[in-house]
Amino acid sequence: MAKACIEKGLLVPDHVMTHVVLPRLEQMIGHSWLLDGFPRTLAQATALESVCELDIAISLNIPFETLKERLSERWVHPASGRVYNMGFNPPRVQGVDDITGEPLVQSDGDKPEAVLSKLRRYKDIAKPVIDFYKKKGILHSFSGTETDKIWPYISSLVSTKVPAVQASAQTKPLHTHQG
């Protein structure tokens with residue numbers, strides 16, 4: 001179900017995302033971890049809260065035009081899931097996977113018209129989540145257009161919560177993609 005939603009450029013329903021993510025987090029109690037792209041809705045944030053208490057929540061304020069451009073430049077090797085971005089992580093040969101030489105594809109959800117629709121929906125959905133974490137006093141917001149300029153600030157914040165030894169040895173990123 002999640003794959004079908006993602007391929008259509010839709011957000012994966014809350015019950016599917018929480019069913020996938022929360023059991024994994026329960027297995028990681030006692031470890032440091034970082035979620036990227038979850039929670040995206042208030043229902044997901046509430047479900048996450050029932051399983052664990054977060055130390056920090058980060059909101060990246062990236063201009064709409066920058067997001068549209070980056071998402072529209074994303075191409076994927078379907079068999080492996082390798083992701084390329086034509087702007088900052090292009091394949092060595094345009095349109096071809098670096099390892100297999102097979103063609104790359106752009107999902108319908110990454111085409112410019114779908115990206116615009118997705119970003120508009122996301123903005124409406126994200127505000128209650130941002131407000132939820134702001135009210136809890138754990139929200140930290142960063143603005144910008146360039147990862148290398150924003151990242152040092154985020155890294156510094158995260159390092160105040162995760163000691164350096166843990167950050168390199170035990171932090172376990174759990175990446176989610178909801179469309």
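1. Thr41 is a convenient place to begin, since this residue lies in the loop between S1 and H3, where helices (H or I, at least four residues) and strands (E, at least two) are DSSP runs numbered from the N terminus. The model is a predicted one, in which local features need pLDDT of at least 70 and side-chain atom pairs count only at pLDDT 80 or more, while totals for chains, interfaces and linings use all residues. Residues are numbered from 1 along each chain as its sequence is written, and side-chain values use heavy atoms, with hydrogens and water left out.

2. With a relative accessibility of 13%, Thr41 counts as buried (under 20% relative accessible area, against over 50% for exposed and in between for partly exposed, with a 1.4 Å probe and protein chains only). Leaving aside residues up to four places away in sequence, Thr41 touches Asp14, Ile125 and Val129, a contact being heavy atoms within 4.5 Å. The side chains of Thr41 and Asp14 are joined by a polar contact of 2.7 Å (a pair of N or O atoms within 3.5 Å; within protein, one must be able to donate a hydrogen and the other to accept it, and residues adjacent in sequence count only if both atoms are side-chain atoms). Thr41 and Pro128 are 87 residues apart in sequence, yet their C-alpha atoms are 7.4 Å apart in space.

3. Helix H3 (residues 42-51) has Gln44, Ala45 and Leu48 as its buried residues. Seen down the axis of H3, these fall within an arc of 100 degrees, so they line one face of the helix; the arc is that of the directions from the helix axis to the C-beta atoms. Their cover includes helix H2 (14-27), strand S1 (33-36) and helix H5 (112-136).

4. In helix H2 the buried residues are Val16, Met17, Thr18, Val21, Leu22 and Leu25. His19 lies in H2 too, but at 62% relative accessibility His19 counts as exposed. The 14 residues of H2 should span 20 Å at 1.5 Å a residue, and the end C-alpha atoms are 20 Å apart, which agrees; the expected span is 1.5 Å times one less than the number of residues.

5. The largest nonpolar core (a set of buried Ala, Val, Leu, Ile, Met, Phe, Trp, Tyr and Cys residues joined through side-chain atoms within 4.5 Å) has 18 residues, of which Val21, Leu25, Leu35, Phe38, Leu48, Leu54 and Tyr133 touch the most other members. H2, H3 and H5 are the elements that give two or more residues to this core, and the largest share, five residues, comes from H2. A second, separate core of six residues includes Ile56, Ile62, Ile150 and Leu157.

6. Taken as a whole, the protein has seven helices and six strands, which follow the pattern α-α-β-α-β-α-β-β-α-β-α-α-β along the sequence. Buried residues make up 31% of the 179 residues. Of the contacts between residues at least 6 apart in sequence, 65% join residues at least 24 apart.
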